[in-house]
Amino acid sequence: MWSAWCAGEEKRVGTRTVVVGHRTVSETDAYVAQKFCDNRIVSSKYTIWNFLPKNLFEQFRRIANFYFLIIFLVQVIVDTPTSPITSGLPLFFVITVTAIKQGYEDWLRHRADNEVNKSTVFIVENAKQVQKESEKIKVGDIVEVKADETFPCDLIFLASSSVDGTCYVTTASLDGESNFKTHYAVRDTTVLCTDEAIDALTATIECEQPQPDLYKFVGRIIIYRSNQEPIARSLGPENLLLKGATLKNTKKIYGVAVYTGMETKMALNYQGKSQKRSAVEKSINAFLIVYLCILLSKATVCTTLKYVWQSNPRNDEPWYNEKTKKERETFKVLRMFTDFLSFMVLFNFIIPVSMYVTVEMQKFLGSFFISWDKEMYDEEIKEGALVNTSDLNEELGQVEFVFTDKTGTLTENSMEFIECCIDGHKYKDCISEVDGFSQTDGPLKYYGKAEKSREELFLRALCLCHTVQIKEADQVDGLIGHPECKHTYISSSPDEIALVKGAEKYGFTFLGLENDFMKIRNQKNETEMYQLLHILNFDPVRRRMSVIVRTITGKLLLFCKGADSSIFPRVQQEEIQQTKVHVDRNAMDGYRTLCVAFKELTQKEYDKIDRQLNEAKMALQDREEKMAKVFEDTEADMHLIGATAVEDRLQEQSAETIEALHAAGMKVWVLTGDKMETAKSTCYACRLFQTSTELLELTVKTVGESERKEDRLHELLLEYHKKLIQDVPKHRSGLKRSWTLSQDYGLIIDGSTLSLILNPSQDSSSSNYKNIFLQICLKCTAVLCCRMAPLQKAQIVRMVKNTKGSPITLSIGDGANDVSMILEAHVGIGIKGKEGRQAARNSDYAVPKFKHLRKLLLAHGHLYYVRIAHLVQYFFYKNLCFILPQFLYQFFCGFSQQPLYDAAYLTMYNICFTSLPILAYSLLEQHINIDTLTSDPQLYMKVSDNAMLQWRPFLYWTFLGAFEGLVFFFGVYFLFQNSSLEDNGKVFGNWTFGTIVFTVLVFTVTLKLALDTRFWTWMNHFVIWGSLAFYVFFSFFWGGVIWPFLKQQRMYFVFAHMLTSVSTWLAIILLIFISLFPEILLIVLKNIKEKNHQTGPFDLPMLVSYKRIENGYVKTEDAVTNSAERYPLRIL
Amino acid sequence: KPDNTAFKQQRLPAWQPILTAGTVLPAFFVIGLIFIPIGIGIFVTSNNIREYESNVFMYYGLSNFYQNHRRYVKSRDDSQLNGDNSSLLNPSKECEPYRTNEDKPIAPCGAIANSMFNDTLELYRIDNDTRTPITLIKKGIAWWTDKNVKFRNPTGDGNNLTALFQGTTKPVNWPKPVYMLDSELDNNGFINEDFIVWMRTAALPTFRKLYRLIERKNNLQPTLQAGKYSLEITYNYPVYSFDGRKRMILSTISWMGGKNPFLGIAYITVGSICFFLGVVLLIIHHKYGNRNTSADIPN
């Protein structure tokens, strides 16, 4: 029988069959028992046994680590100048630290896993409760969960202690939404609320294979009863209790496990997001390649010269320095190769291992400052900023395009019911008398009013057409009877709450849902009951929602509310006009408008709808589409009653923030799903558009609806293109100053027009129009995209992201509909808003309010960028001047790969002597005060376009490093022309030579950093002077002992002896000074130049700050000379 | 709620120096004014090293001799030289090919020891056809720490070096074994100062090493009076094969070491440049900088 029922359907691999309580039904025996995984959550990566090999493998997959491993192996295998320890130790250090960190994190995960896996759960077996460990749950087990417990796996909700078969859960730990959600038990099993009863249930569940979407689930349950036909019921997300959610306000529930362990939706959601890489990292890689080339060419030069030099046998093997037998016997080619490798090893320090460690540490530690910032703490939600990834800190300082959502981001998303219109009559302000809905005071009487019955219908619609729940505080207090003062409304949409509250003001109070009956108290204080038959849920595609209710008298009513664009086509056309006027005017005022419509259904119609809906709900495949189809058919031929206007207030300081972002050279695009008029007025309110801004519109209005709309669109595009791009070059001559006259343009485009451009019907020449559109967009100072579907938002971001020069994009939003653009942009920012936590969860950074963007970008972003850019440049610089003397020394030691410095110095240079000062700098530096940065947005442009990591500054640092390397080496070289440097005539050897160079080196690079430091906290003092002191101390110590484990005691008393020579002291001081002199000179010269450039106050109009005013660049430096150059920032 | 500490809010009290013309230019002057006298002092001192009035130091110099060649530098066994008995009989592999000779371990092993400079230099003053030898002191030419700590003879019964070096053989190029380098016990074996000086490898292929000291006898006469001298060299050390040259240098030493004009000139040059730039920039600064005096740094 059952097989006949599903005869039409193929058995798909995409579904799983779960036998409830493992009581097999004869019919299902035919199915091969599917194997499911156990309920163990394994979020850990490693076990004790595989930790070492697996972790090492993962670490050496990183290109840098692999490179250092190769160098190390070369040192072990080939006879190289430096012992393998010199590169092995840092590598070992890095690998160990990372392994410990990852091991610790994994241990934490193990512990968390164990906590979950070993927690006790109660399973109903043979009508008895059995206590088990959570990990022992198998698919098909019936699990009992009590109040405030979390669900141990994904359960199909069978029965609960409450009679109506509902329970409340909170998914705070899953998606951060703390409101209670109602879930429904399968209708036919709600009665089975004891262990015995539930154990008697014989049923199978068919559902889809696990998938990560938390809000999607399709399945059906087939219940077998003795001597009856099996009943099939559809299952949806409302029947599924997710692992990780918590049961609330319900004593206990029974559920059957369908997904366990790693197949639960929670576990599936833990799989990481795609990695975003910052632009700085790309720069680092580019520089690495340059340095790799330097390294290779140095090694090649040395190898070549070595063999040229050795071609003279007197040089190759003088009598005093004979080769070993082995050396003589090696083939020349092999010898050359090992020589090349040896040189590579000798110079490999030019690519620093420690830079990666320092960069990682800087990012990790630095990101704490964002979450610690109390200015980004919001008193209302009691939360501060959240950093989900520390990889993108510096990207915050490079943003060129800001894509922002409107609702909840620019606005508060705390809705307030402002007014409504019923049949074209406007109602504003609340009515004091319960029975005097129409008795208005003041100006209201001028509006006229609608019929009483229509008013009531409208208000009932507001009271019924929603998914608002009542959180009854009185339950806690044990008080009943005054629900109106004890309840709070909970809904996923703030609009609905505003509407319900609005209706309450007019005398219709929603009292809650009880046993499928919605209760409302009307103006006469009577309680009306409506049986809730169906909710056609809201979705962003339809942009409306409906309910079907049955009145006490048996009348069947459908109420629908939604955006005007989605309601108007579905109502009687003659009703539209009078309401439309109000809707348009409200939209102009920046209110969010919703239209309300209704229709009466006959029993026959209802039966049909009911059947269709149930069928669609029952469908295992394409349920969404089928549902949409039914909804579409159902919500038709309605009657328009009226419209509502809800105000969404602007968030505090959002206008100032947008102004600041503009001034900082960023382009702000608003992407919203809202109506054009509403969005436009919000844009004016938050000063995205100025009164002087000329608006270009590409909307349904301007393009029209006709057949020729595509042609019309193309005409418009060309026209705008002409206006913006082709006409501008006239001004080019006087460009620098002419911007004051140039016009600001703003573009408005809506979703349907956008899809017309991006997905045109005919393919010919379409990409050309896409290009034109993009050019227009980039020329406009502000762009507003309204009526956007979530995916379109992401499309826009992707389009801009992929333009020439790949500008850094930032998306900010608060709702689930912004997730796609948050994930798409270089930097995704979530607002910890009222629409749940999905955006914040998927973002890279989350802030409580839009205004916090200002400090996040202008201060934090700017500082992080400057810090890390300086860190990177400094690292390359200090290793260049570290290795260059060693390279030069080869010319004086017969290209024999003799290291200039002792092995200890080679190893410790990057780890100990010069690492902490730059780390402290990169964490604490504020070259400009945070307050100045926040208050003067134009400073942001100083570092735009990755200014500090361009080739010019890189070359500057490289030349500086090369210059200093030359000074170090040749300074000491000339010093050593002396027969003796000591006053007792004794002579120094090669190790003293190296130590002098090294001392000068350590002091110079540290003092260079000191020169660059603009913000000396005690920590900077401590690490800078401490590092130098440590170097001196270490050198004494290292040379002060005969180390038994060393083969050679080369450094014995070398440092101490060096310091007994006055000449050496004088030389060291002189060389340090010479090395730093050009830098100091440059700063002074710049300083003087800047002063000369300052020619009186010169205010920039805000929007001119855009870097690209027209085809030719207005170089930012020119534009911001005025304010920015006051601050002596070293771009170099 | 985030802690309101100065560190977490990035508001630690900080010194915020700014290098401006106003602060740097005076520093240039000061540095110039310090460096120039130092340079002149060094230069004068360096140039005065000539009159052989105080102690005179006798150096030998070699050129084109790569004591800093890697193969050469590492060809030694410091633990053998430190008196370790096991290393004495089993020298380090690094000493190859100067590790053993005819199956006997070489002491001291390695290329450096093997190529020790072994010319003998003697200085005579010729006074009316009489040759008076000048006393050349051979002790006090090595670093104190080398002589007393780093270099040790092998230990054993008694002080008989011959017995202590039993079982080893001399370096191939040496005419006599290490325990016959000198007649004095505290300058023989590994702690022979000529040997220690040689073992400190030079930094550059042209180098000098301290050979002997000539002490000033009394304050009335210069150490080496003006007159005729003859230098007698026992020529053992071949340098022709590697295009090398040998030199003998006599020098007095000042507080800053031997004669070397480099440091003095460098100081004078740098000091002058500093001073000069200070003046030039100050002029520029005052001429143009005054145009806008309100350009204060807001930090």
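# Cores, annotated segments and binding site in a predicted two-chain model

The largest nonpolar core has 186 residues, and those with the most contacts inside it are Phe993(A), Phe998(A), Phe28(B) and Trp198(B). Helix H31 of chain A, residues 852–890, gives the most to this core, with 18 residues. Apart from it lies another core, of 44 residues, among them Ala385(A), Leu810(A), Leu853(A) and Leu924(A). The model is predicted.

Phe28(B) has contacts in both chains. Leaving aside its neighbours within four places in sequence, Phe28(B) is in contact with Phe1077(A), Ile1080(A) and Leu1081(A) in chain A. On the chain B side, the contacts of Phe28(B) are Cys274(B), Phe275(B), Leu277(B), Gly278(B) and Leu281(B).

## Annotated transmembrane regions

In an unreviewed UniProt entry, the annotation "transmembrane region" covers residues 60–78, 286–309, 340–359, 904–924, 954–976, 988–1010, 1022–1045 and 1065–1085 of chain A. For chain B, UniProt lists residues 18–44 and 262–284 under this annotation, also from an unreviewed entry. Computed values for some of these segments follow.

| Segment | Helix | Strand | Distance between end C-alpha atoms |
|---|---|---|---|
| Residues 340–359, chain A | 75% | 0% | 30 Å |
| Residues 904–924, chain A | 95% | 0% | 30 Å |
| Residues 18–44, chain B | 89% | 0% | 38 Å |
| Residues 262–284, chain B | 100% | 0% | 32 Å |

Phe28(B), one of the core residues with the most contacts, falls within the annotated segment 18–44 of chain B. Its partners Cys274(B), Phe275(B), Leu277(B), Gly278(B) and Leu281(B) fall within the annotated segment 262–284. In chain A, the partners Phe1077(A), Ile1080(A) and Leu1081(A) fall within the annotated segment 1065–1085.

## Annotated binding site

The UniProt annotation "binding site", from an unreviewed entry, covers Asp405(A), Thr407(A), Asp814(A) and Asp818(A). These residues are spread over 414 residues of sequence, yet they cluster in space, with a largest C-alpha distance of 10.5 Å.

Asp814(A) lies in the loop between strand E31 (808–813) and helix H29 (819–824) of chain A. Asp818(A) is placed in the loop between E31 and H29 as well. Are these two aspartates buried or exposed? Asp814(A) counts as buried because its relative accessible area is 1%. Asp818(A) is buried too, because its relative accessibility is 0%.

Not counting residues up to four places away in sequence, Asp818(A) touches Asp405(A), Lys793(A) and Gly813(A). One of these, Asp405(A), is itself covered by the "binding site" annotation.

Methods. Residues are numbered from 1 along each chain as its sequence is written. Chains are lettered from A and ligands numbered from 1 in the order in which they are written. This is a predicted model: local features need pLDDT of at least 70, side-chain atom pairs count only at pLDDT 80 or more; totals for chains, interfaces and linings use all residues. Side-chain values use heavy atoms; hydrogens and water are left out. UniProt positions are given in the numbering used here, feature names are shortened, and annotations may be inferred rather than shown by experiment. Helices (H or I, at least four residues) and strands (E, at least two) are DSSP runs, numbered from the N terminus. A nonpolar core is a set of buried Ala, Val, Leu, Ile, Met, Phe, Trp, Tyr and Cys residues joined through side-chain atoms within 4.5 Å. Buried means under 20% relative accessible area, exposed over 50%, partly exposed in between (1.4 Å probe, protein chains only). Contact means heavy atoms within 4.5 Å.
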